[in-house]
Amino acid sequence: PDCLTFWRIDLNMKQDALKYSRGWAKIDIDALHHNLEEISRCSGDVPVLAVIKADGYGHGAVMLAREMEQFPGISGYAVATEEEAVSLADAGIKKPIMVLGYTFSENYEEMARRSIRATAFTEEMLHDMGRAALSCGSVMKVHIAVDTGMSRIGIRPDDSGLDFVKKASETDGIEIEGLFTHFATADEADKTRTNAQFQAFYTFAERIRTELGISIPLRHCANSAGILELPDTRMDMVRAGIILYGLWPSEEVSRVSADLSPVLSLYSRVAFVKDLEAGREVSYGGTFTAAGPMRVATIPVGYADGYPRGLSNKGSVLIRGKRAPILGRVCMDQFMVDVTDIPEAVCGDIVTLIGTDGAEHISMEELGALSGRFNYEIACCLSKRIPRIYQKCGKQVGQRDYFHDENLFRN
């Protein structure tokens with residue numbers, strides 16, 4: 001039967017297609033390990049803090065952290081919220097976990113008990129963190145955020161900042177483990193502003209050492225773009241985010257320094273194929289009209305799955321190794337593509353939305369450029385309707401299926 005033509009693909013893909021007919025993401029653990037090796041090579045001997053916030057940029061934070069636990073170059077993990085940190089700790093992750101953003105006082109005691117590192121930048125935070133840590137007989141390890149130009153969070157790298165660091169060093173229950181800043185424009189070709197940020201941070205760190213006599217173990221500022229292009233900013237630790245997943249910080253970052261492999265690919269299957277006559281409109285608003293007879297396939301994925309609506313009449317998918325352009329608007333749960341030039345396409349065929357089929361490849365960078373978003377968003381916005389299938393050495397080693405596994409992991 002036509003609907004069984006997907007058996008032409010490899011065994012692992014067949015199994016995924018059978019269980020997750022509508023859509024699924026494949027997470028390539030081998031690609032992750034390749035990227036870790038590349039990042040370690042670029043960073044020299046400097047420890048790497050793996051940024052796995054937003055559920056590992058949509059890839060699955062727990063599963064990736066479990067893989068990185070045994071990788072010697074990874075010193076710990078960074079997330080954005082206390083909840084993300086707790087979920088990693090609950091999953092048995094042992095390496096240090098740091099929250100990069102603001103945390104609320106009601107979370108401080110649990111963070112101290114679990115040795116979750118906090119970001120600090122106000123005296124109120126120091127007071128509340130110290131009190132919470134002492135109340136549970138622990139200590140709160142903090143990384144002090146320094147605002148060198150991002151204008152987001154952090155102390156100023158000036159005399160007021162020195163006063164804050166001194167206050168932190170004298171607060172009972174507080175241990176200063178790190179000092180960090182974040183680059184605002186490191187992914188741009190012109191590094192002038194980034195160099196100015198680094199100089200401000202470096203000078204401030206030196207003032208802490210010489211004027212206050214305080215030695216902070218971990219000074220870190222290099223993000224993914226910094227790791228690839230700014231070796232002088234490595235200091236005591238670097239933070240690898242987007243490059244962990246084989247994606248590039250921007251189009252302006254050189255591809256010469258590292259060989260990255262995308263970790264995630266996204267698939268669906270053809271749900272329906274029909275013939276349209278000239279003059280027929282396609283999808284909401286009738287934004288596409290067939291100029292002549294056409295063969296059109298329906299794909300059962302939409303913007304509720306995180307597939308960008310901005311790809312309407314712009315993007316394409318891969319079917320049997322050929323590009324099939326999107327026709328009309330992407331709907332919440334479905335969209336249509338032109339398979340007039342793919343006469344062999346039938347119901348049940350595998351559809352590659354992100355990834356490689358034959359000689360053709362569709363990247364997150366391509367989808368981001370076409371949809372007015374960028375690769376970070378494409379990855380982070382894949383919804384819970386898309387199960388994640390983890391493969392290593394050609395075998396499935398885990399899955400995350402929100403509907404069938406009740407958010408549990410299977411190893």
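Reader: What makes R320 worth pointing out in the hairpin of strand 15 and strand 16?

Author: Happy to start there. In this predicted model, R320 takes a positive phi near 55°. The hairpin has two residues between strand 15 and strand 16.

Reader: How do you know that strand 15 and strand 16 pair?

Author: Pairing takes at least two bridges between the strands, and strand 15 and strand 16 (residues 322-327) have four, in the antiparallel sense. They therefore count as paired. S316 stands opposite P325 in strand 16.

Reader: And what makes strand 15 and strand 18 a pair?

Author: The cut-off is at least two bridges, and strand 15 has two with strand 18 (residues 350-357), so the two strands pair, again in the antiparallel sense. Here L318 stands opposite T352.

Reader: Why are both faces of strand 15 called covered?

Author: A residue is buried under 20% relative accessible area. S316 and L318 on one side are buried, and so are V317 and I319 on the other. In a regular strand the side chains alternate between the two faces of the sheet.

Reader: Now the helices: why is helix 8 called oblique to helix 9?

Author: Helix 8 (residues 159-170) and helix 9 (residues 192-211) pack at about 55°, with their axes 11 Å apart. Roughly parallel needs an angle under 35 degrees, and roughly perpendicular 65 to 115. The angle fits neither, so helix 8 is oblique to helix 9. The crossing is right-handed.

Reader: Which residues meet there?

Author: D159, G161, L162 and V165 in helix 8 meet F204, R207, I208 and E211 in helix 9. By class, that contact has four nonpolar, one polar and three charged residues.

Terms used
Residues are numbered from 1 along each chain as its sequence is written. This is a predicted model: local features need pLDDT of at least 70, side-chain atom pairs count only at pLDDT 80 or more; totals for chains, interfaces and linings use all residues. Side-chain values use heavy atoms; hydrogens and water are left out. Axes are lines fitted to C-alpha atoms, for helices over the stretch in contact, and angles run from 0 to 180 degrees between N-to-C directions. Angles under 35 degrees count as roughly parallel, over 145 as roughly antiparallel, 65 to 115 as roughly perpendicular and the rest as oblique. A crossing is left-handed if the near helix is turned anticlockwise from the far one by less than a right angle, and right-handed if clockwise. Contact means heavy atoms within 4.5 Å. Ala, Val, Leu, Ile, Met, Phe, Trp, Tyr, Cys and Pro count as nonpolar, Asp, Glu, Lys and Arg as charged, and the others, Gly among them, as polar. Buried means under 20% relative accessible area, exposed over 50%, partly exposed in between (1.4 Å probe, protein chains only).
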